[in-house]
Amino acid sequence: MTPMASQRPLTGYSHGAAGIALSLLELAALSGEERFKHTALAAMDYERSLFSPEHQNWPDLRADKVRGSSEITYMVAWCHGAPGIALARLGSLAYLDDTTTREEIALALQTTRARGFGLNHSLCHGDLGNLDVLLTASQMLDDAAHRAEVARLTAMLLESIERQGWCTGVPLGVETPGLMTGIAGIGYELLRLAKPDQVPSVLLLAPPHLAH
């Protein structure tokens, strides 16, 4: 486990309240224990209390200790920020489908489209991770506009990879193995974009699709 120093519980999917809430909703559904759902709802309420209308995003609360600064920052990635929170809320629709959750998904997807590209090609905090969020939304919401945006961004990213090669999620973007920040994750997401009905979203911890 990687420690994440902060004075407050973190927001987001990878290390924060969004991922915890989704896991607890799944646990509540499997176990029938309402206490897990109550705790999940409390985590989501906490995260919602920190939403910034100005930034249309949730703060990255690691900044005070990890980055040595008291300035509030806003990432736009699977690990921290709107894309991961959109993915967590999409996953929660099977257990909690209400107006607030739907509105939160729409806002988070809008922020992802507007500010989530031009970073690197990695899954964790790069363009392909954010594209996976939009791809998942296009599948779960069955929205033609999302599908068109995924097609446009896929073409843009393929052109970027062809022009400059792999840009991983480590310092200087050097080529490195690995799923979350390296070329294994880049290869995986390209397979998922090619066959989205066969390759599940590893970022959502989705199970393999059953063959018919």
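A polar contact, as I use the term in these entries, is a pair of N or O atoms within 3.5 Å, where one must be able to donate a hydrogen and the other to accept it. I also note at the outset that I am reading a predicted model.

**Entry 1: Ser-201 and Arg-192**

I began with Ser-201, which sits in the segment after α8, and found that its side chain makes a polar contact of 2.7 Å with the side chain of Asp-132. Ser-201 has a relative accessible area of 4%, and because anything under 20% counts as buried, I recorded Ser-201 as buried. Leaving out residues up to four places away in sequence, I listed Asp-132, Thr-136, Tyr-188, Arg-192 and Ala-206 as the residues that Ser-201 touches.

Arg-192 from that list took me into helix α8. Is Arg-192 buried or exposed? I found it buried, with a relative accessible area of 1%. The side chains of Arg-192 and Gln-139 are joined by a polar contact of 3.0 Å. Beyond four places in sequence, Arg-192 touches Asp-132, Leu-135, Thr-136, Gln-139, Val-199, Pro-200 and Ser-201.

**Entry 2: the nonpolar cores**

Next I looked up the largest nonpolar core, which has 36 residues, and noted that Tyr-13, Trp-78, Leu-87, Leu-109, Leu-128 and Leu-131 have the most contacts inside it. Two or more residues of this core come from each of α1 (17–31), α4 (82–92), α5 (99–115), α6 (127–141), α7 (144–164) and α8 (183–194). Another core lies apart from it, with 10 residues, including Ala-17, Ala-28, Ala-40 and Met-44.

I followed Leu-128 further and, not counting residues up to four places away in sequence, found it touching Asn-120, His-121, Ser-122, Leu-123, Leu-157, Ile-186, Glu-189 and Leu-193.

**Entry 3: an aromatic pair**

The structure holds 2 aromatic pairs, and I looked closely at one of them, in which the rings of Tyr-13 and Trp-78 have their centres 5.6 Å apart and their planes at 45 degrees, so that the pair is tilted. Tyr-13 is in the segment before α1, while Trp-78 is in the loop between α3 (63–66) and α4, so the pair ties together parts that are 65 residues apart in sequence. I noted both Tyr-13 and Trp-78 as buried.

**Entry 4: Asn-130 and helix α4**

Trp-78 came up again when I turned to Asn-130, a residue of helix α6 that is buried, with a relative accessible area of 0%. Apart from its neighbours within four places in sequence, Asn-130 is in contact with Val-76, Ala-77, Trp-78, Pro-83, Thr-112, Gly-116, Phe-117 and Leu-119.

Pro-83 is listed among the buried residues of α4, so I counted further and found that 11 of the 11 residues of α4 are buried, so this helix is largely enclosed by the rest of the structure. What covers the buried residues of α4 includes α1, α2 (34–49), α5 and α6.

**Entry 5: helix α7 and its ends**

I then traced α7, which has 21 residues and reaches 30 Å from its first C-alpha to its last, close to the 30 Å expected at 1.5 Å a residue. Where do the buried residues of α7 fall, seen down its axis? They fall within an arc of 140 degrees, so they line one face of the helix. I wrote these residues down as His-146, Glu-149, Val-150, Leu-153, Thr-154, Leu-157, Ser-160 and Ile-161, and noted that they pack against α5, α6 and α8. On the other side of α7, I found Glu-162 and Arg-163 exposed.

At the N-terminal end, α7 is capped by Asp-143, with a side-chain oxygen 2.7 Å from the backbone nitrogen of Ala-145. After α7 comes Gly-165, whose phi is positive, near 85 degrees.

**Entry 6: positive phi outside glycine**

Asp-142, in the loop between α6 and α7, also has a positive phi, near 50 degrees, although this residue is not a glycine. Its relative accessibility is 58%, and Asp-142 counts as exposed.

In the loop between α7 and α8 I came to Leu-172, another residue other than glycine with a positive phi, here near 70 degrees. At 84% relative accessibility, Leu-172 counts as exposed.

Conventions:
Residues are numbered from 1 along each chain as its sequence is written. This is a predicted model: local features need pLDDT of at least 70, side-chain atom pairs count only at pLDDT 80 or more; totals for chains, interfaces and linings use all residues. Side-chain values use heavy atoms; hydrogens and water are left out. A nonpolar core is a set of buried Ala, Val, Leu, Ile, Met, Phe, Trp, Tyr and Cys residues joined through side-chain atoms within 4.5 Å. Buried means under 20% relative accessible area, exposed over 50%, partly exposed in between (1.4 Å probe, protein chains only). Helices (H or I, at least four residues) and strands (E, at least two) are DSSP runs, numbered from the N terminus. Contact means heavy atoms within 4.5 Å. The expected span of a helix is 1.5 Å times one less than its number of residues. The arc is that of the directions from the helix axis to the C-beta atoms. Rings of Phe, Tyr and Trp (its six-membered ring) pair if their centres lie within 6.5 Å; planes under 30 degrees apart count as stacked, over 60 as edge-to-face and the rest as tilted.
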